[in-house]
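Here are some short exercises to work through with the model open beside you. Try each task before reading its solution.

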Amino acid sequence: MEYSIGVDIGGTKIAGGLVDQEGHIHQRVVISTPKEGRDAILQEIKRMVADLAKRSMGPLRGIGVGTAGQVDFVRGNVLSGTSNIANWNDVPIREWLSEIMNLPIFVDNDVNVMVVAETLLGVAKGYDDVVCLALGTGVGGGVLIGGKMMRGVWGGAGELGHISVNMDGPLCNCGMRGCLETYASGLGIKQRYIEMWESNIANQESVLANNFTINEITSRDVFRKMKLGDQLSVKVVQQMLKALSTAIAGMIHTFNPGMVVLGGGLMDDGEWICEEVSHQISHMGMRSLVDPVKIRKAKFGSETTLVGAALQCWFYQ
């Protein structure tokens, strides 16, 4: 049996594993992401990959890396990183790993490797035209067209969280207003909840009576309170669903996919989100484009980036 080494680089942890072609993880290593940033992280990845290579029970097909940020797939470099990893810009991951391993090395952003996992082995298996959205702290995107990843000039295509659904909406960290991310990410949901709460004295009194600190609210809290009938939470979630459905309807008209896959931390208990979005988009746009599209929750949860990173070694060879 062949194996590949998958590496998932995140802001809090780095996970590595030996993965087979069916997506099973046979060996696993997890470490905390070095706070020193770039060079310390690269050294740890080198050690992790070397250790996993020694543990392999069969031939190695290659190494796959998934990381947050914008990635030059051809060169295997992180061009523009993420704020929760120090100095994570202009990072030559492939070059560093090629110093210790004479194997094919694939480096891509975390949502593109989610596309790989879901189309090879997940809910989108058999589909050549797929849109994936990762709903987490932010909103990431990846698009497969005709069986090939959409990359753009240098690999920055697919920033679907920064499609604006309201040109007069909240200012996004990208500099635009009303981006999908400002409504449908964990941080966006929290910010919308706080804004609505601050504008209503009754809401403030209710929260304070329960000894609740407003800045501690999370998207999970909002979802939980929504299910209990809290009207403020209901409004925030309705706004999120409308923004998400509007953006997805636009993506359907742009890319003509067969399936839209929703993953990320917000989707851990998110079948209801797929159902609501499916219902809303059934009243939007051109029926010939919208009606055939399936909205599905991703098969792979917290292991998506690790498994998808490793599966690149089969997807691209």
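**Exercise 1. Sort the residues that line the second largest pocket by class, and find which helix gives the most to the lining.**

Solution. Start with the classes: five charged, three polar and three nonpolar residues make up the lining of the second largest pocket. Here Ala, Val, Leu, Ile, Met, Phe, Trp, Tyr, Cys and Pro count as nonpolar, Asp, Glu, Lys and Arg as charged, and the others, Gly among them, as polar. Next, look at the names: the lining consists of S219, R220, F223, R224, K227, G265, L266, D268, D269, G270 and W272. Helix α7 (residues 219–227) contributes the most, with five residues. The volume of this pocket is about 170 Å³. A pocket is an open set of points on a 1 Å grid over the protein atoms alone where a 1.4 Å probe fits, with protein on both sides within 12 Å along at least five of seven lines; lining residues have an atom within 4 Å of a point. Volume means the space filled by probe spheres set on the points, which are joined across faces, edges and corners.

Two notes before going on: this is a predicted model, in which local features need pLDDT of at least 70 and side-chain atom pairs count only at pLDDT 80 or more, while totals for chains, interfaces and linings use all residues. Residues are numbered from 1 along each chain as its sequence is written, and side-chain values use heavy atoms, with hydrogens and water left out.

**Exercise 2. Trace the open sheet that contains β1, and say which strands stand at its edges.**

Solution. First, follow the order β3-β2-β1-β4-β7, five strands with mixed pairing. Strands (E, at least two residues) and helices (H or I, at least four) are DSSP runs numbered from the N terminus, and two strands pair if DSSP finds at least two bridges between them. β3 (25–32) and β7 (105–109) are the edge strands; each has a single partner, so one side of each lacks a neighbour in the sheet.

Then check the pairs. β2 and β3 run antiparallel, joined by seven bridges, and G17 stands opposite R28 in β3. Five residues lie between these two strands in a hairpin, where G23 in the turn has a positive phi of about 85°. At the other edge, β4 (residues 60–67) pairs with β7 in the parallel sense over five bridges, and T67 has N109 in β7 as its bridge partner.

**Exercise 3. Describe how α3 and α11 pack against each other.**

Solution. Begin with the geometry: the packing angle is about 70°, and the axes are 7 Å apart. Axes are lines fitted to C-alpha atoms, for helices over the stretch in contact, and angles run from 0 to 180 degrees between N-to-C directions. The two helices, α3 and α11, are therefore roughly perpendicular to each other, a label for angles of 65 to 115 degrees.

Now the contact (heavy atoms within 4.5 Å): residues of α3 including V113, M114 and L120 meet residues of α11 including A309, L311 and F315. By class, this contact has eight nonpolar, five polar and one charged residue.

**Exercise 4. Find the edge strands of the sheet with the order β10-β9-β8-β11-β12.**

Solution. This open sheet has five strands and mixed pairing. β10 (148–149) and β12 (294–297) stand at the edges, each with a single partner strand, so one side of each has no neighbour in the sheet. Finally, β9 (residues 139–145) and β10 pair in the antiparallel sense over two bridges, with L144 opposite M149 in β10.

Conventions
Parallel < 35°, antiparallel > 145°, perpendicular 65-115°, else oblique.
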